[in-house]
Amino acid sequence: MSSASPTPIRPQLAVSASIFRDDRILLVRRARQPGKGVYTLPGGRVEFGETLVEAISREVREETSLAIDVVGFAGWREVVPNPALGVTGHFVILSFATRWVSGEVMLNDELDDARWLAPDAIGPLRTTEGLAEIIRAAQARLAGRTGAL
């Protein structure tokens, strides 16, 4: 989610992907505001005319060069303006459970680190709010349980 455009006056729709590969989840670290230095899931804004699956596949490909299989909806989060944290936009983020299909991580300039981690190993990292819950819901979805938040 680039901050180059002017701040919109309405909430924006965004997507994120819990990408699992061999029982590990991919976390990426934001290289710029908002959220600089915070680990999160790959994702970004939905463009006009895109389906949610098209948007998440495109965002993951642009940010990480990976191809994924979108399994289903895992939950949602909302980011509201918070000037103290450098957050000026309002985003509704729909998160999806996905599986790695192919490729190796090659980050774009929005991100500066990527880690494949066991889901229970993210504790010491500085992460976006609600990340652990979204990851658990995605795991449940991949295992065939309901799991949506």
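## Exercises on a predicted model

Helix 1 is followed by Ser 65, which has a positive phi near 70°. Keep that residue in mind; we'll come back to it. One thing before you start: what you see above is a predicted model.

### Exercise 1: Get the overall layout

Work out how many helices and strands the protein chain has, and in which order they run.

**Solution.**
- Step 1: Count the elements. The protein chain has two helices and seven strands.
- Step 2: Read them off from the N terminus. The order is β-β-β-β-α-β-β-β-α.
- Step 3: Check how compact the chain is. For 149 residues the globule rule gives 15 Å, and the radius of gyration is 14 Å, close to that, so the protein chain is as compact as a globular protein of that length.
- Step 4: Put a box around it. Along the principal axes, the C-alpha atoms fill roughly 40 × 35 × 30 Å.

### Exercise 2: Look at inside, surface and charges

Find what share of the residues is buried, what the exposed surface is made of, and how far apart the mean positions of the positive and negative charges are.

**Solution.**
- Step 1: Start inside. Of the 149 residues in the protein chain, 42% are buried.
- Step 2: Go to the surface. The protein chain exposes about 8000 Å², and 54% of that comes from carbon and sulfur atoms.
- Step 3: Look at the charges. There are 17 positive and 18 negative ones, and their mean positions are 3 Å apart.
- Step 4: Ask how far along the sequence the contacts reach. Taking contacts with a separation of 6 or more, 70% of them join residues 24 or more positions apart.

### Exercise 3: Compare each helix with its expected span

Check the end-to-end reach of helix 1 and helix 2 against 1.5 Å a residue, then see what each helix packs against.

**Solution.**
- Step 1: Take helix 1, residues 52–64. Its 13 residues reach 18 Å from the first C-alpha to the last, close to the expected 18 Å.
- Step 2: Do the same for helix 2. Its 12 residues should span 16 Å, and the end C-alpha atoms are 16 Å apart, so the two values agree.
- Step 3: List buried residues. Helix 1 has several, including Ala 55, Ile 56, Val 60 and Thr 64. In helix 2, Leu 131, Ile 134, Ile 135 and Ala 138 are among them.
- Step 4: Use a general rule to think about spacing. An α-helix has 3.6 residues a turn, so residues three or four places apart point the same way.
- Step 5: Find the neighbours. The buried residues of helix 1 pack against strands 1, 2, 4, 5 and 7. Those of helix 2 have a cover that includes strands 1, 2, 3, 5 and 6.
- Step 6: Look just past the end of helix 2. There you meet Gly 144, with a positive phi near 90°.

### Exercise 4: Buried or exposed?

Decide whether Glu 59, Asp 113 and Thr 127 are buried, partly exposed or exposed, and name what they touch. Skip residues up to four places away in sequence when you list contacts.

**Solution.**
- Step 1: Recall the cut-offs: buried is under 20% relative accessible area, exposed is over 50%, and partly exposed is in between.
- Step 2: Glu 59 sits in helix 1. Its relative accessibility is 7%, so Glu 59 is buried. Glu 59 touches Gly 43, Gly 44 and Arg 45.
- Step 3: Asp 113 belongs to strand 7. With 19% relative accessible area, Asp 113 is buried too. Among the residues Asp 113 touches are Val 28, Arg 29 and Tyr 39. Arg 29 is 84 residues away along the chain, yet the two C-alpha atoms are separated by 5.1 Å.
- Step 4: Thr 127 is in the loop between strand 7 and helix 2. At 29%, Thr 127 counts as partly exposed. Thr 127 touches Val 38, Tyr 39 and Ile 122. Its C-alpha is 9.3 Å from that of Leu 41, 86 residues apart along the chain.

### Exercise 5: Positive phi without glycine

Say where Asp 23 and Ser 65 lie, and how exposed each one is.

**Solution.**
- Step 1: Asp 23 lies in the loop between strand 1 and strand 2. Its phi is near 65°, a positive value in a residue other than glycine.
- Step 2: At 69% relative accessibility, Asp 23 is exposed.
- Step 3: Back to Ser 65, in the loop between helix 1 and strand 5. Ser 65 isn't a glycine either, but its phi is about 70°.
- Step 4: Its relative accessible area is 34%, so Ser 65 is partly exposed.

Definitions and conventions: Residues are numbered from 1 along each chain as its sequence is written. This is a predicted model: local features need pLDDT of at least 70, side-chain atom pairs count only at pLDDT 80 or more; totals for chains, interfaces and linings use all residues. Side-chain values use heavy atoms; hydrogens and water are left out. Helices (H or I, at least four residues) and strands (E, at least two) are DSSP runs, numbered from the N terminus. The radius of gyration is taken over C-alpha atoms; the globule rule is 2.2 Å times the number of residues to the power 0.38. Buried means under 20% relative accessible area, exposed over 50%, partly exposed in between (1.4 Å probe, protein chains only). Contact means heavy atoms within 4.5 Å. Accessible areas come from the Shrake-Rupley method with a 1.4 Å probe; for residues, only the protein chains shown count as cover. Lys and Arg count as positive and Asp and Glu as negative; His and the chain ends are not counted. The place of a charge is taken as NZ of Lys, CZ of Arg, CG of Asp or CD of Glu. The expected span of a helix is 1.5 Å times one less than its number of residues.
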